Protein chains: 2
Amino acid sequence: MTILFNNPAEFAEDQFEGFLDLYSDRLRGVPGGAVAHRSGEPQVAVIVGGGSGHYPAFCGLVGPGFATGAVVGNVFTSPSAAQVYSVAKAAHQGRGVILSFGNYAGDNMNFGIAADRLRKEGIDVRIVVVTDDIASATEEEKRRGIAGDFTVFKVMGAAAAAGLDLDGVERAGRAANSATRTLGVAFSGCTMPGAEHPLFTVPEGHLGLGLGIHGEPGIRDEPLPTAEQLAHTLTTAVLEAAPANAGKRVTAIVNGLGTTKYEELFLLWKTISANLRDAGLEIIEPEVGEIVTSLDMGGCSLTLMWLDDELETFWRADAYAPGYRKQAAPIANLVASAGGEESAEAAVIPDATEAARALGTVALAGLESIARTLHTNEVRLGEIDAVAGDGDHGRGMVKGIDAALKAGAAAHAADAGVAWILTSAGQAWAEFAGGTSGVLWGAALEGAGSALTDSREAYTPTDFVAAADGFATAITDLGRATIGDKTLVDALLPFVEALREQVAAGTDFASAWSTAAAVATERAAATAALSPKLGRARPLAEKSVGTPDAGATSLALIVTDLGSL
Amino acid sequence: MTILFNNPAEFAEDQFEGFLDLYSDRLRGVPGGAVAHRSGEPQVAVIVGGGSGHYPAFCGLVGPGFATGAVVGNVFTSPSAAQVYSVAKAAHQGRGVILSFGNYAGDNMNFGIAADRLRKEGIDVRIVVVTDDIASATEEEKRRGIAGDFTVFKVMGAAAAAGLDLDGVERAGRAANSATRTLGVAFSGCTMPGAEHPLFTVPEGHLGLGLGIHGEPGIRDEPLPTAEQLAHTLTTAVLEAAPANAGKRVTAIVNGLGTTKYEELFLLWKTISANLRDAGLEIIEPEVGEIVTSLDMGGCSLTLMWLDDELETFWRADAYAPGYRKQAAPIANLVASAGGEESAEAAVIPDATEAARALGTVALAGLESIARTLHTNEVRLGEIDAVAGDGDHGRGMVKGIDAALKAGAAAHAADAGVAWILTSAGQAWAEFAGGTSGVLWGAALEGAGSALTDSREAYTPTDFVAAADGFATAITDLGRATIGDKTLVDALLPFVEALREQVAAGTDFASAWSTAAAVATERAAATAALSPKLGRARPLAEKSVGTPDAGATSLALIVTDLGSL
């Protein structure tokens, strides 16, 4: 609920004083609202408005590239005609005035009265009403304006900043409104400052489909769906309400009404964006966040605006308002480097001795062996993982080794030594496998490579033990798992230890490896046998030390198959 | 509560996919988090992080001028060491890595483990822990990091973008942390995705002073104060905790935790900013909004960072992250024009006939008379208004006429005619009186001026009736009040009608005016007599047609005194 207030009757004015103090560098208060400081040539004045309680609508949208002024009414109450008149007069720059607002009775009346008076005084005034809410009426001209206020205001603000005349800005605004559709849902009502109870409620465990931003009746109440289901509902309904002649480019707004937070909106966007692309649409610079709120109301909406060339230009244009900033320039200068420092320097392959290059060929064969093992066992590893984890271990390992093999092969083809081949492979594994086990395997391959170096004139079994140790240390350094934690460490450390002992005892390396692999296989089986007891209740924190069970199994399979090289 | 989710266990990863899709133009996902696309020369990598659920912290702060990368843990859970390591490796540009995070046990452990591993691989890593929460411990090094994360990360991001080396960025970050203090309050707990109950609660009607952003114990519970009282509490406590050698420049963050909305935060800022200025502080580019949230938690915090020249430079620097954009350039180009079109063209005074200029002298005398009347009756008008309104009518009228007289005198001194003198006076009245009655009086004076024009060779009593009509029409056009609504219209329309009748009947103008003024006085008295019945319960909407009662009285007093001219 709305908690902070002094005198509830003066909430709107009080908070507005704080707002004006905060943004005095870019706008100023005038009786009835706020007017942007001027920049450049005189332009058409785009005046937006409505009641308070919807920040950043409306005063948060005043600034270069956006609204020239905003009229600020009391909470959820239309501003008076006098306020509209006052703001319009203060904002007028001699090129005419657009008044734009949602299609509510009070706003229609008061903005209309102000327009009449302004015209009597010789100021050319046009009214552009926003009517995007498809749940509010069948006929377009009877629909209310909700989050679509934003797209319509934005287009007109950009059109005015681009120097269009009054006819041009009005035309662009009407085009934007015709191309904009919104559907919203509410999860809970909002509480006016000082009120004991919410202005309206939504039945527990339900959402109000199409419920208005002041609690206006919607279409119906429905049981709460999952985020994915809600995303489907919104996307389907808004796409079905597409305007005639809708093209293939859209922008989208996923708007939070107050207590539905960013993370929830991002979650919706994941599905909505996929749905829109599945519908063959290109998505241009979408916005996800709080655009038109209703105090502390729970809920959200999806707005689509179908774009032609002109609307796209105005939608993309820069804007700098307190509640919304858009700036094209720095993005254009960015370089989407695929792999940080490493990929930027990937071309510089360290010098390698002949022995290092020869061992590199063996390492590449090893990567090929691992790839075969993991592809063969992908399903099985997933099944083991599904008992205690999320069942994606096999898939993740396959993605990792495929990327690693590709990177290793490229390094080998460029005459790299064993260390660089393993380092390249490790980096690619971490990058593409995803998840914690990918990071661990990536770091482990890098650790093995570092232990070997590319500078030796010859490599002995002792060096291979050091490599296995480097591999294991990277994993224990990062994962901090120990034996008994039911991770790949259960198999890995005994493997390394067995290899070390065998080599120290003078066993030939192939036999030493086979013995160690057998140890790993036995330990992995022991760990896997524990898995059904874990069930699904494992705490999340525990999962961060690698996917349990399946990790040990995959290691055992890999080292076993590697033994045949 | 958190309403939207699919599988609660995968909430953090799911929503992060939506986030990455949305901002793929400026950052990319890597295992464990997000890394900014590169721009320009290699720079020190500033890696921030912590659990999810705090958007825009942490992934929303990745971008040019801000963090190079963010590590994204599960909701309210530290990311794993492997995640930190992975993000740092991907973000590293060869100039070293800063790891920065709030001072929580899990973060200290996991970032620390990752730092050790990165150092083993030859990467220079520094750790800068944020410790701004003065409620969490007495000793600075034991304090938790909350919204002060933002100032510390921002300074380091700007320092890195400015090309400082690792020592320099680390030093700037430590300086920022030493200069930053925060105190927060909670009004209600937050609900984890999928949970039935909030993670913690605050007793109904109370706030938790110093309660942590994950519900960590605070100082004590207190009954809910007014916004003003809370602002005092926060400002006083944070100022008392100022660092040694604190200077006179600060920046401030008023942060909303989730369900405490922008309007409430602006209301707090109104008092906080006044308190800070009263304390002799200069406030540099404050931020009010959602900076470090906690899902749907109710609450807010005040952060101050005391600035020296270096911190001020880095605080002011541009940044372009998904959740925070700062851009100095367009603001610097703005012109804070004081009065829109009119003031910009104020120098161009329309031509006026001799008769118009002569009548202008009378108009100026009229304004002087009105000023005397209103100053004399300021207190009385306020008292009448206090019965049914907010008691500021007298004050508003005095502010209006003072500004109007000044503007009218300036126009007169510049040889303007009556129309321009009244127009200038009206614009100034509206601008400076504030409130609806100021707008109405301003429009009315303009209306009278327009009716007269500056182009007549002579003015007759019929013209003066037209001016009175123009005055009244502006008010009824905008206010839409009619007789009986208990506004100044109750006295105004009968006055104009009586004046019209008297002039039509051939009465000399002075007598006609006196008769009309007597009518106005009688009607105003009748309206004022109704006022106690209204009480304080007048709906807000009704107030928008001018402050009741007192408006009629002031009009009657003014026209009576004007009769003696």
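Tutor: A residue counts as buried when its relative accessible area is under 20%, as exposed when it is over 50%, and as partly exposed in between. The model we are reading is a predicted one, and P8(B) is a convenient place to begin.

Student: Is P8(B) then buried, exposed or partly exposed?

Tutor: P8(B) has a relative accessible area of 36%, which lies between the two cut-offs, so it is partly exposed. This proline is found in the segment before helix 1 (11-22) of chain B, and, leaving aside residues up to four places away in sequence, it touches P193(B) and G194(B). The C-alpha atoms of P8(B) and G218(B), which are 210 residues apart along the chain, are separated by 28 Å.

Student: How does S86(B) read on the same scale, buried or exposed?

Tutor: With a relative accessible area of 8%, S86(B) is buried, because that value is under 20%. S86(B) has its place in helix 2 (residues 81-91) of chain B, and, not counting residues up to four places away in sequence, it touches V439(A) and P31(B).

Student: How are two copies of a chain related in general, and which rotation superposes chain A on chain B here?

Tutor: Two copies of a chain are related by a rotation about an axis and a shift along it. Here chain A is superposed on chain B by a rotation of 180° with 0.0 Å of shift along the axis, at an RMSD of 0.1 Å, and that is the relation of a two-fold axis. The same surface serves both copies, since 99% of the contact residues of chain A recur in chain B.

Student: Which residue of chain A comes closest to the rotation axis?

Tutor: That is T259(A), whose C-alpha lies at 2.5 Å from the axis.

Student: At what angle do the axes of helix 2 of chain A and helix 14 of chain B cross, and which residues meet there?

Tutor: The axes of helix 2 (residues 81-91) of chain A and helix 14 (residues 435-452) of chain B come within 9 Å and cross at roughly 65°, and the crossing is left-handed. From helix 2 of chain A, the residues A82(A), Y85(A), S86(A) and K89(A) meet T436(B), V439(B), L440(B), A443(B) and E446(B) in helix 14 of chain B. By type, the residues of this contact divide into five nonpolar, two polar and two charged.

Student: How many aromatic pairs does the whole structure hold, and how are the rings of F266(A) and Y55(B) arranged?

Tutor: A search over all chains finds 34 aromatic pairs. The rings of F266(A) and Y55(B) have their centres 4.8 Å apart and their planes at 80°, and because planes over 60 degrees apart count as edge-to-face, this pair is edge-to-face. The pair crosses between chains, from F266(A) in helix 7 (residues 262-278) of chain A to Y55(B) in the loop between strand 3 (45-52) and strand 4 (69-75) of chain B. F266(A) is buried at a relative accessible area of 1%, and Y55(B), at 4%, counts as buried too.

Student: What arrangement do F16(B) and F19(B) show, stacked or edge-to-face?

Tutor: F16(B) and F19(B) form a stacked pair, 5.8 Å centre to centre with 15° between the planes. Because they are three residues apart in helix 1 of chain B, they are separated by about one helical turn, and both F16(B) and F19(B) are buried. Elsewhere, ring pairs link F16(A), F19(A), Y23(A), Y55(A), Y262(B) and F266(B) into a cluster.

Student: What should one expect of phi and of peptide bonds in general, and where do cis peptide bonds occur here?

Tutor: Most residues other than glycine have a negative phi, and most peptide bonds are trans. In chain A, the bond from Y55(A) to P56(A) is cis, with omega near 10°, and P56(A) is found in the loop between strand 3 (45-52) and strand 4 (69-75) of that chain. In chain B, a cis bond joins A57(B) and F58(B), with omega about 5°, and F58(B) is found in the loop between strand 3 and strand 4 of chain B.

Student: And what is the sign of phi at D415(A)?

Tutor: D415(A) has a positive phi of about 70° although it is not a glycine. This residue sits in the loop between helix 12 (393-413) and helix 13 (418-433) of chain A, and at 53% relative accessibility it counts as exposed, because that is over 50%. In chain B, phi of D415(B) is likewise positive, near 70°; D415(B) lies in the loop between helix 12 (393-413) and helix 13 (418-433) of chain B and, at 53%, counts as exposed.

Technical notes:
Residues are numbered from 1 along each chain as its sequence is written. Chains are lettered from A and ligands numbered from 1 in the order in which they are written. This is a predicted model: local features need pLDDT of at least 70, side-chain atom pairs count only at pLDDT 80 or more; totals for chains, interfaces and linings use all residues. Side-chain values use heavy atoms; hydrogens and water are left out. Helices (H or I, at least four residues) and strands (E, at least two) are DSSP runs, numbered from the N terminus. Buried means under 20% relative accessible area, exposed over 50%, partly exposed in between (1.4 Å probe, protein chains only). Contact means heavy atoms within 4.5 Å. Rings of Phe, Tyr and Trp (its six-membered ring) pair if their centres lie within 6.5 Å; planes under 30 degrees apart count as stacked, over 60 as edge-to-face and the rest as tilted. Copies are superposed by least squares on the C-alpha atoms of residues with pLDDT of at least 70 in both. Axes are lines fitted to C-alpha atoms, for helices over the stretch in contact, and angles run from 0 to 180 degrees between N-to-C directions. A crossing is left-handed if the near helix is turned anticlockwise from the far one by less than a right angle, and right-handed if clockwise. Ala, Val, Leu, Ile, Met, Phe, Trp, Tyr, Cys and Pro count as nonpolar, Asp, Glu, Lys and Arg as charged, and the others, Gly among them, as polar.
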